[in-house]
Amino acid sequence: MAARRKTARARNTATRKPATRKNRGSARVRKASSARRKSAAKRKSPSRWSQRVTNESDALDLQQGVFKLISPKKIAASLKRSAERSSRRKAGAYRSALSMLTFYINRAGKTLSKTQRDRLQRAKTELKHQFHRDE
């Protein structure tokens with residue numbers, strides 16, 4: 001029976017975690033976070049991914065500043081021209097143009113002014129007219 005007690009005690013002491021100092025643990029955390037900051041500063045963050053999609057989309061090669069145009073008819077005409085000329089799009093010209101317009105409206109979110117949002121919504125309607133999709 002004495003042998004059993006010794007093995008039980010030996011097991012308990014073997015499984016105990018060694019005592020650690022509090023400062024030592026926080027120093028590790030500080031080192032890790034500073035290393036993270038350094039590596040984050042070195043690599044360029046993928047900011048403005050939606051801008052990159054608008055500029056480098058496989059579907060359309062858009063005219064510079066197409067969404068800043070004042071006339072909804074001009075916006076729709078430019079999108080239609082880009083969609084019809086594109087050979088890389090996967091869907092039809094109408095669907096690609098409307099998708100790009102909707103994408104821009106959704107990604108702009110709250111930063112889009114009310115007048116600009118209304119103008120782009122009218123451009124959607126105008127795009128339907130230009131593609132003869134009036135329903």
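Here is a short conversation about helix α5 and serine 86 in a predicted model.

Biologist: How long is α5 from its first C-alpha to its last?

Modeller: Happy to start there! Residues are numbered from 1 along each chain as its sequence is written, and side-chain values use heavy atoms, leaving out hydrogens and water. As this is a predicted model, local features need pLDDT of at least 70 and side-chain atom pairs 80 or more, while totals for chains, interfaces and linings use all residues. Helix α5 (a DSSP run of H or I, at least four residues, numbered from the N terminus) covers residues 93–108, and against the 22 Å expected at 1.5 Å a residue (1.5 Å times one less than its number of residues) its span is 23 Å.

Biologist: Which element gives the largest share of the largest nonpolar core?

Modeller: Such a core joins buried Ala, Val, Leu, Ile, Met, Phe, Trp, Tyr and Cys residues through side-chain atoms within 4.5 Å, where buried means under 20% relative accessible area with a 1.4 Å probe, protein chains only. This core has 22 residues, and Leu101 is among those touching the most other members. Two or more residues come from each of α4 (72–85), α5 and α6 (114–130). The largest share, 9 residues, comes from α5.

Biologist: Is serine 86 buried or exposed?

Modeller: Serine 86 sits in the loop between α4 and α5. Its relative accessibility is 11%, so serine 86 counts as buried.

Biologist: Which residue's backbone nitrogen lies 3.3 Å from a polar atom of the serine 86 side chain?

Modeller: Serine 96 is 9.7 Å away from serine 86, C-alpha to C-alpha. The backbone nitrogen at 3.3 Å from the serine 86 side chain belongs to arginine 88.

Definitions and conventions. Buried means under 20% relative accessible area, exposed over 50%, partly exposed in between (1.4 Å probe, protein chains only). A polar contact is a pair of N or O atoms within 3.5 Å; within protein, one must be able to donate a hydrogen and the other to accept it, and residues adjacent in sequence count only if both atoms are side-chain atoms.
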